[in-house]
Each structure stands twice: as structure tokens, then as C-alpha cells.
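Welcome, and please load the model in your viewer with the chains and ligands shown. We will go from stop to stop, selecting a few residues each time.

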Amino acid sequence: MAAKSKTQEETRILLGNAAIGRGIVEAGCHVMTSYPGTPSSEILPAVVAFKKELGLDTYIEWSANEKVAFDNALAASMSGKRAAVAMKQVGLNVASDSLMSSAYTGVIGGLVIISCDDPGPHSSQTEQDSRFFGMFAKVPVYDPSTPQEAKEMVKEAFELSETFQIPVILRPSIRISHARQNVKLTPVEKLDRPADFEKDPARWAATPRYRLVLHRRLNETLKQIQERFEKDTRWNYLVEDGDGSSLGIITCSMSFAALMDILEESDLKGIVDVLKIGTPYPLPQRRVADFTREHEKVLVIEETDTVIESQIIDKSNVLGRLTGHVPQEGELLPSVIHNILADFLRENGAAHLEKISDTGLADRIDELELPIRRPTLCPGCPERAAFYAIRKALPKAIYTSDIGCYTLGINLQAVDTVLDMGAGITLASGFYQAYHQDGNDIPIVATMGDSTFYHSGTSSLLSAVYNNARFILVILDNEITAMTGMQPTPGLGVTADGGEGKKVPIEGLIRGCGVTWIRTIDSYEVEELIELLKEAREYTLDPDGGIAVIVARHPCLIQYPEARREISIRVEVTEDCNGCRYCIDYFECPALRLIEEEERIEIDRKYCIDCGVCINVCPRGAIVEAVD
Amino acid sequence: MKNVQIILAGIGGQGILFSSRLIAEWGLRSGLDIMGSETHGMSQRGGSVTAHLKLGSFRSPVIREETADILYSFEENETYKSLKFIKSGGICFANLENENRFDRKVLDLLEQKEITFRTFDASGTALKIGSVMSANIILIGYSVGTGLVPFEYDDLKTVLESITKKAHLETNLKAFEIGYKAGRG
Ligand code: SF4
Ligand code: SF4
């Protein structure tokens, strides 16, 4: 085995998001804020880890939502410090109000916005392309193709931001955020920057008239940045392995990485010239125009949308999504790029590349009709118990829900809508008014997790209360932000780096929104919860009633395994089970297995955590507490 | 050493990411560049988990169909789903209770592509040594024992020692050893 290199440079295998975190730290960033969301969630924890390892005094916070995170970072930058804010792509929708405005007012200390895209989508409600937000807001965008590049880009982004006094976006796509690479670490910059906000109301509190001036300045700044990107060869470069091919490909980020590997592995180097773009906005137009002019046909392969392609001025010989040569949606996996390339080469008589098509193997495996392992709530998950009770108590209700693990309540047929963060409440209120207008007061049950409620529940709830809406809101409080990897919520009173924060109890917030009917219950108490839901329904129909809120609380068992041992009710299945599947279809605990040959259920001890909740579920009473 | 592309597939809780880290760390110490990625389902437990690992000079963190040299698969259905990634002449190590249950036609097709398909009941073995969580290490140990993979016993063991938490060290080393012996046959 080779000895570790003796140079000063340390190399570590880092997740893309950790490399970004490292870049933030190396740039001497003072303030880091974020709201968790796949694929961005690991960035902030990486900054916490490096802070601890290096004994830094970086201020780090999980904010209540992305706009809050953005504004906190911006204020640090206005005070002259370096600040970073990280979120997933749809988080930038939430923060977009601030982004748009801050592009005009600009920044003082470097402000880097990391917005992670999710082509696929793997874990998001849209495939939106954050680079378009850069164009929309008129702020520059960096687009990394490897974790190492992401780290270096973060550092340059800070410098660019400070030089031009403008916020800068780094847009890693999910494959970059979740890639692992051996990354070279470099020393951390120490920047002594005591907070020093210089008052300038014409700028920081600009009135519309002055906004016009700021807009003009912004446009000038962008031109200068574009000039700089024209000259840049670090992120934007040509890969010409042959002696001048007539075919060219313009590409970026993960697509660039995949394309290069395919060309290498298929011995096609030199068949096409490649222009790699790392700064998609503002696009280095002259470089791109030179490239398209020098090649007969140019293919654009980029994720997730058409940011580079749309900006190209003369598209007469340009192929891409707009011409139907690249799929309009879905992730550009290496296999997809392989086939796009094969078509491009064939259509232009360049070379033969065998397409990846269904081989006998793939066909045969399709024939096997393997069970699709659809995502499901964990065994013993308290949300499952709550959903089961909701469906049981009010089977005819409209179930509006929200974003989190509990979106999986869809499997239990207890989730009818998922729009975006906070819409569990707003849609419930909207449905109520739409039906009520016709004199029809249907049952509506909104479900929302604790973290989502802190994120965007309060304004929705107080507006619904104020406008006399009537529905039941069940807050599924598992005392953590579970789906994105267990980040603390404001209800816990623990800060991002493990310090002590002030607890903000959820019941107080609900009361503050004007709700008077509030009950708290352990989600595992299924029978009581069913009764409570019926009571809540009565309250929504009562002339003196209103919105009823139930806080169904039970800790997430993954985060708090000790919450599991406290209870421990070992269950078994009796002879009475006839394999009717009711428990599978309406409760779906992964530990319940149907043995088809025997027409009965079996408890899979590998998964069962002895929560005992399923005892409440079987209509035949066939699941019972084991007698030892 | 030449480039190697490895896929590890299974379900949440089977230690896929740890296994991937083990091999990546080995690669790093052998002077290879590392590029890889991992995907997992939405929920915390029980969903598919796949890790792609490329050792050598690569740029993309994702492995293309029919290019992987080695597939480690820790669960039967995930094995079927991941076979398409193996190149002709590649190897699959599958954690499987009973090879006879595996689809005959698929086995024939693998043979046509000259893919070596080796199975071992790593979960059963893990259960026997009282550590269900160690099936991953057992299967990797097994592959080292067969001599069909580029990692040497001593090197991988050293890495395993250095990345395992103290509390699990004894079990992991035991699991590695048992797998290795079984692989040597
Ligand atoms: S345990 Fe009860 S609900 Fe489940 S299949 Fe058997 S009889 Fe039906
Ligand atoms: S006791 Fe029942 S509900 Fe709880 S984990 Fe076991 S099988 Fe699932």
C-alpha cells in the first residue's frame, strides 16, 4: 500500500456537501445559516464539524425557514462579514423575495447562496433549475462538476461577491452534493471583520425611485462579471483531444463529468470537442459564440433546464432540449447521456457508439415483476399510528398534508394533497371556504410536521383563524426534522452546533395564532386519538366552534431510540388471522408480512420494534400482546 | 493499478455506506483517486440504498450500465435490480440464503455475459455469530477470500480497524475473518 503523501496538503474523502462546507470554512466565512432539505442538508453540519475541529468561532444557525436563513446571512454581509446560506432548490422559492431585492441593494462582505438542485426529482416537488433564479434575480451563478471544484468555487464566489458587491449563487446538483471524492484541503483564511454596518438609507432602504438607479448599477455590474467570466479558464474551458472536430458539445456540472467518462471509456476522445461551462450566468457569450461558429453542429447537455441553451444568441446549429435532442425532464444519468451522444454521433456520421438498450437481462428482470420497495414509514413510526387514527375517525374527510416523512401517509390513504411547505393548513382553509360557500361543511383534516409548522405554519394558521375557517389540524410532532436527517427544531431548544437555544413550544404558537381548542396526545394512543378527532370534528361544527388543533406527539424512534425501550409491547398473531390484508393496506408496518401460502400475517422480528400499535388495527383482533 | 468501478446495493440499515467507505478508504491509501455517490430512498429505514464507487481516474460519481467491475449486493431484489450495471466479465457477490431460488434464466444470461456470480449466506452467518449488522463485512471478507477482487486481506483489515468505532471493532474483525475463510473455501 502506498504511504500517505508527505506534502502539507491533506486529502480527505468528502461528501460534495462536506466539500462545500469546507470551502465555506476555508474562505473564512463568519456566519452560516440554513434550513434543511435534500440534497442540501449536510452542508451546515459539515461547517459545524470543521468549526469544532479547527476551533473556529463561526456563527451557525438552523433558521426557521429559508427566507429567515437568507436574511440573517444578508445582515451579516451588510455588516461587512462573510456569510453563506444553504438550502434546497425549492427553498430558494421561499427565500426568493429577499434574493431579488438583495441583488439590487447588493452586499458588503461576501454572500454566497448555495441552492442544491434535484433533477429526477429524487426528493422534491419540482425539478426546477436554480440557475434560472440566478438569471431572474440577476446574480451570478457557479455550477460545479465535482466536490473538489465545488469547494474551490465557494471560495471564488466569496471573492467575486465582495469584489462586485453582489450576492452569488453556487448551484450544485444532487449528484455533486452527494458525490464522494478525495478532496484536497487547504488552510483556512482568517479574516478579522468586526461587525460594522454603515448606515446608508438610500441604499439599504431604497425607495422605488432609487431602485431604478440600483437596477442600472446592477446591470453594469453584470456586464463586468460577464467580462471576467469570458476570461476565466478555471471553470470554463475547452477539451479538445483531436485535431479539430466538426462536432462540439457544450456542457456543465454532472453532465460534463458523465460525458467525459463516457468518451474516455468508449475510446471516443477527439471525436467531439467539449466546452465546459462552470459559470452559466452570466454566460461568457463570446466564448460560446466562438465555439458554435467553429463547429458544424453543437449539442448542449445541461441539467436541469435550458439555462445555457436559452442564452445562446445564434442557435442555428445548436441542438439540445429546445430542439428535442435532449429529454425535457428527468435526470441526465450517464446512460441517458450515453444514448444522447450515440444519436448525435450517428446523425452526424461521426462514429458508432452502441446504445444502451434493454438487453435480455433487463427484459428478464422486468418479467420477474419484483416487488417495488416503495418508501414507507419506519416500523413503530408514531406518524403511522396518527394517520391510522385519522382515517378511522373521519374516513370521508379531505386530507391535506405537507412535506416531511409523513408525506408517506399517502400509502395509508390519509394524504390527499401535498403542495409545498405550509400548504397543509392553507389548502385546508381554502377547501373549507370553497365548500362552506355552498353551505357544505365537510370534514377536513390537515396534517403537518413540527418542523414544517415552525417553517411556515403560523401565518397560514392565523389567517385561517382570522377568516373563520373550520377544520382539524393535526400537528405530527416527532420532536425533530426527521426526513432530512434529524436537524433540531425550535421546539427543542438546541442550536445547530449543539449549544443551548431558547425553546419555543408549539402549543404556545398555536394559541398565539388565535386557536382556543388545542389538545395534546401521545400518537401511540390510537383509541384516544380517534375519540379526540371525533370531538374535534364536533367542535368544527359547533356554532361557537372554530379550528381544532391536536398536537399528536411521540418522538421519532430513529432519533430517540430510548423512546422505544420505554414501551415494548411484544405482539403476536393468533389463529384468527385470515390474511385479509387490512393491516397491510391501511397500516403498512414493514414488520407485518403476509405469508400468502398460509393466508396469514407474520411478524418479522428483524423489523418489529415492539411498539404494540398494530394491536389496535386488526378488525378480527388477531394481533395481540404476546403472553410469555 | 487500473481503474475499478464498484456498486454496493441493498436496503437501509445494511451498512452499505460503511462498506463503501471501507473500500474507498482502501483506495485512498493505495494512492487511487476516489469518486463515488450514494442514493437512498425518502424514508429513514428499509428503502433501497445504492453506493457507486469509482477508484482511479474518473470524473462522474455515477456508474453507467454495463461498466461496473464488481457488484456487492446485500439483498435479493436489489441484486436483480443492480445486475444491469455489471460489465461483461465482471463479478457479483450476492448475499443470498439459497442460490437455488435465484432465477435460472437470469443465471444463464449472466453466464452468457461471462459474469461470475458468487453467492454467500452472509445474513445467516451474521445471525449465527450473533451480529445481524455484520453481514456487509462478512460478504466483503468473503470476496477477499475468493481472491477475485483487487483488495488484499491485510490491507483491507488495517483499514477496517482504523475506521470502525471501538465498540464494534471486535465484531467487525470477527465478521471479516469468518467471511474471508468462507471465501477461501
Ligand atoms: S392480522 Fe388481522 S388485519 Fe392483518 S391480515 Fe390478519 S386478519 Fe387481516
Ligand atoms: S408492534 Fe406491530 S406496529 Fe409495532 S413495529 Fe411491531 S409489527 Fe409494527
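Start at ligand 1 and display what surrounds it: C577(A), N578(A), G579(A), C580(A), R581(A), Y582(A), C583(A), I601(A), C618(A), P619(A), R620(A) and I623(A). Keep in mind throughout that this is a predicted model. Colour this shell by residue class and you will see eight nonpolar, two polar and two charged residues.

Now move to ligand 2. Its surroundings include four cysteines to pick out, C589(A), C608(A), C611(A) and C614(A). Add G380(A), V571(A), F587(A), A591(A), L592(A), I609(A) and G612(A) to complete the selection. How many nonpolar, polar and charged residues make up the shell around ligand 2? The split is nine nonpolar, two polar and no charged.

**Where the chains meet**

Next, show chain B against chain A. Select the contact, and you will have 48 residues from chain B and 51 residues from chain A. Together the two chains bury about 4,300 Å², with 63% of it on carbon and sulfur atoms.

Zoom in on E265(A) and R64(B), which form a salt bridge whose closest N and O atoms are 2.5 Å apart. Side chains of opposite charge can pair when their charged atoms come close. Between chain B and chain A the count is four salt bridges, and 12 residue pairs are in polar contact.

To see which parts of chain B face its partner, highlight β1 (4-11), α1 (16-29), β2 (34-40), β3 (48-55), α2 (76-82) and α3 (104-112) of chain B; each of these gives two or more residues to the side that touches chain A. Which element gives the most? That is β2(B), with six residues. By class, this side of chain B holds 16 nonpolar, 14 polar and 18 charged residues.

Stay with β2(B) for a moment and add strand β8 (residues 179-185) of chain A. The two strands pair in the antiparallel sense over three bridges. As a landmark, find A179(A), which stands opposite S37(B) in β2(B).

**Into chain A**

Hide chain B and turn to the open sheet of six strands in chain A. Step across the sheet in the order β3-β2-β4-β5-β7-β6, where the pairing is parallel. The edges are β3 (59-62) and β6 (141-142) of chain A, each pairing on one side only. Inside the sheet, select strand β5 (residues 111-116) and strand β7 (residues 168-170) of chain A, which pair in the parallel sense over three bridges. Here V112(A) stands opposite V168(A) in β7(A).

Another stop is the salt bridge of E162(A) with R82(A), where the closest N and O atoms are 2.8 Å apart. This pair links distant parts of the chain, 80 residues apart: E162(A) is in helix α6 (residues 147-164) of chain A, while R82(A) is in the loop between α3 (66-78) and β4 (83-88) of chain A. Across all chains, the whole structure has 46 salt bridges.

**Backbone details**

Finish with three backbone stops. Most residues other than glycine have a negative phi, and most peptide bonds are trans.

- Q165(A), in the loop between α6 and β7 of chain A, has a positive phi of about 50 degrees although it is not a glycine.
- T38(A) to P39(A) is a cis peptide bond with omega near 5 degrees; P39(A) lies in the loop between β2 (31-34) and α2 (43-54) of chain A.
- Y281(A) to P282(A) is also cis, with omega near -10 degrees; look for P282(A) in the loop between β11 (273-276) and α11 (285-294) of chain A.

Methods: Residues are numbered from 1 along each chain as its sequence is written. Chains are lettered from A and ligands numbered from 1 in the order in which they are written. This is a predicted model: local features need pLDDT of at least 70, side-chain atom pairs count only at pLDDT 80 or more; totals for chains, interfaces and linings use all residues. Side-chain values use heavy atoms; hydrogens and water are left out. A residue is near a molecule or strand if one of its heavy atoms lies within 4 Å of it. Ala, Val, Leu, Ile, Met, Phe, Trp, Tyr, Cys and Pro count as nonpolar, Asp, Glu, Lys and Arg as charged, and the others, Gly among them, as polar. Contact means heavy atoms within 4.5 Å. Buried area is the accessible area (1.4 Å probe) that two parts lose on being put together, summed over both. A salt bridge is a side-chain nitrogen of Lys or Arg within 4 Å of a carboxyl oxygen of Asp or Glu. A polar contact is a pair of N or O atoms within 3.5 Å; within protein, one must be able to donate a hydrogen and the other to accept it, and residues adjacent in sequence count only if both atoms are side-chain atoms. Helices (H or I, at least four residues) and strands (E, at least two) are DSSP runs, numbered from the N terminus. Two strands pair if DSSP finds at least two bridges between them.
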